Amino acid sequence: MVTGAGGALGTDLVRLLREQGEPVTARTRAELDITDADAVGDAVARWADGGGDEGAVLLNAAAFTAVDLAETDPEAARAAHAVNAVAPGLLAGACVRHGARIVHVSTDYVFDGAGPRGRRGPDGGPAGYEPDDPTGAAGVYGRTKEEGEQRVRDAAPDAHHVVRTAWVYGGTGANFVRTMARLAGERETLDVVDDQHGSPTWSADLAAGLVALGRSGTPSGTRHATGGGVTTWCGLARAVFEELGADPGRVHGCTTDQFPRPAPRPAWSVLSPASWEAAGLPPLRPWREALAAAVRRHPDLLGRAPVVR
Ligand SMILES: NC(=O)c1ccc[n+]([C@@H]2O[C@H](COP(=O)([O-])OP(=O)(O)OC[C@H]3O[C@@H](n4cnc5c(N)ncnc54)[C@H](OP(=O)(O)O)[C@@H]3O)[C@@H](O)[C@H]2O)c1
């Protein structure tokens, strides 16, 4: 079962499972509001009890992802708490009652973005965060996701996977890649933040990783999965220009201070893949290769019409 099936990740999860011939119960927000406890109980019962499948896995791709709105609008903050903190616990509890497992998706925003204390990466810079590094979200969205993780662990101690990811884009909905491609057509030059580091993650690659995790016998726990390698938003924007055949030199680096946003952005969003690889799960491909594959599958990411075959 996939909840949040209409979002970027949810769409790719459902597509992949259907391509693989896997029976999948897809629930968009309109079909299942995960904050509605009764509806969640009924939906999970119908799905998990109906199939008689020992390996039933619920993949929760639903989230309140309007990070800045959650920071500035109290009503949005309440909605973020309901969707990101409380609802994952409801889903996890329902899974346990019906013999299913849950794969729940979380975020780099649970960390403060200063990098793990006391560890350096091979290049002398900060190391990637490991799952057991202390969390400490800097903003509302991150705090709601942090609470959601814990509620999943508490409700389903032996039947959960929490997977933190970062910098997700895909064929569905608004995202950074789409925005950069549009701006390339509107502006001669662009200033893009060059002091925040992370790993762009194509939602289709993440979906494949989550499905592999759900099928594996990996013990319950918290793991990290992002595209391979590290860049900055400026680096990603330049790669989008390359994909467009435009001059990446038109993208100029700027600092976070020059581009203030309501919600604090982590300066260091790099999540170590060690926990993923140690579980024998397939690594997500390097972010630059993934971007090229993503625009091949979704030419509209670059503002181009899909090729009709
Ligand atoms: N995007 C990123 O950069 C990023 C980074 C790190 C982690 N993540 C995590 O990755 C996961 C997938 O995110 P995404 O990028 O696919 O986000 P997305 O495109 O915004 O998808 C989230 C989906 O959840 C749905 N939703 C919201 N409230 C709901 C509710 N009450 N009940 C059911 N569905 C609800 C949304 O529906 P509406 O559109 O109708 O509201 C949307 O379809 C989330 O857990 C997110 O926190 C994302």
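These legends describe close-up views of a predicted model of one protein chain with a ligand.

**Figure 1. The whole chain has 10 helices and 12 strands.** The radius of gyration is 19 Å, close to the 19 Å that the globule rule gives for 309 residues, so the chain is as compact as a globular protein of that length. Its C-alpha atoms fill a box of roughly 55 × 55 × 40 Å along the principal axes. Of the 309 residues, 52% count as buried. The accessible surface comes to about 13,700 Å². Carbon and sulfur atoms account for 51% of that surface. Among contacts with a separation of 6 or more, 80% join residues 24 or more positions apart.

**Figure 2. A shell of 24 residues surrounds the ligand.** The closest are Arg-29, Asp-33, Thr-65, Tyr-141 and Lys-145. By type, the shell divides into 13 nonpolar, 7 polar and 4 charged residues. Helix H1 (8-19), strand S4 (101-107) and helix H5 (140-155) each supply at least two residues of this shell. The largest share comes from S4, with 3 residues.

**Figure 3. Backbone atoms of Ala-8, Ala-63 and Val-105 lie a short step from ligand oxygens.** For Ala-8, a backbone N or O atom is 3.0 Å from an oxygen atom of the ligand. For Ala-63, the distance from a backbone N or O atom to a ligand oxygen is 3.2 Å. Val-105 also places a backbone N or O atom 3.2 Å from an oxygen atom of the ligand. The protein covers 79% of the 900 Å² of accessible area that the ligand has on its own.

**Figure 4. Ser-203 lies in helix H7.** Ser-203 is buried, because its relative accessible area is 0%, under the 20% cut-off. Leaving out residues up to four places away in sequence, Ser-203 touches Ala-8, Leu-9 and Asp-12. Ser-203 also touches Val-168, Tyr-169, Gly-170 and Gly-171. Ala-8 thus appears in two views: Ser-203 touches it here, and a backbone N or O atom of Ala-8 lies 3.0 Å from a ligand oxygen.

**Figure 5. Ser-216 sits in the loop between helix H7 (203-215) and strand S10 (221-224).** At 18% relative accessibility, Ser-216 counts as buried. The side chain of Ser-216 reaches the backbone oxygen of Leu-213 at 2.7 Å. Beyond its neighbours within four places in sequence, Ser-216 is in contact with Arg-101 and Leu-281. Tyr-129 is 87 residues from Ser-216 along the chain. The C-alpha atoms of Ser-216 and Tyr-129 are separated by 24 Å.

**Figure 6. Trp-167 has a positive phi although it is not a glycine.** Its phi is about 50 degrees. Most residues other than glycine have a negative phi. Trp-167 is found in the loop between strand S5 (160-165) and strand S6 (168-169). With a relative accessible area of 10%, Trp-167 is buried.

**Figure 7. Helix H10 (residues 287-297) carries a set of buried residues.** They are Trp-287, Ala-290, Leu-291, Ala-292, Ala-293, Ala-294 and Val-295. What covers these buried residues includes the helices H6 (176-186), H7 and H8 (233-244). The cover also includes the strands S6, S9 (201-202) and S11 (231-232).

**Figure 8. Ala-127 is found in the loop between S4 and H5.** At 10% relative accessibility, Ala-127 counts as buried. Ala-127 touches Pro-116, Arg-119, Arg-120, Gly-121 and Trp-268, not counting residues up to four places away in sequence. Gly-115 is 12 residues from Ala-127 in sequence. In space, Ala-127 and Gly-115 are 6.9 Å apart, C-alpha to C-alpha.

**Figure 9. Ala-37 is placed in helix H2 (residues 37-51).** Is Ala-37 buried or partly exposed? At 42% relative accessibility, Ala-37 counts as partly exposed. Ala-246 is 209 residues from Ala-37 along the chain. The C-alpha atoms of Ala-37 and Ala-246 are separated by 49 Å.

Notes:
Residues numbered from 1 in each chain as written. Predicted model: local features only at pLDDT ≥ 70, side-chain atom pairs only at ≥ 80, totals over all residues. Heavy atoms only, no water. Near = heavy atom within 4 Å. Polar contact = N/O pair within 3.5 Å; in protein donor to acceptor, adjacent residues only side chain to side chain. Areas by Shrake-Rupley, 256 points an atom, 1.4 Å probe, with all protein chains shown as cover. Helix = DSSP H or I, 4+ residues; strand = E, 2+ residues; numbered from the N terminus. Nonpolar A, V, L, I, M, F, W, Y, C, P; charged D, E, K, R; others polar. Rg over C-alpha atoms; globule rule 2.2 N^0.38 Å. Buried < 20%, exposed > 50% of the residue type's maximum accessible area, 1.4 Å probe, protein only. Contact = heavy atoms within 4.5 Å.
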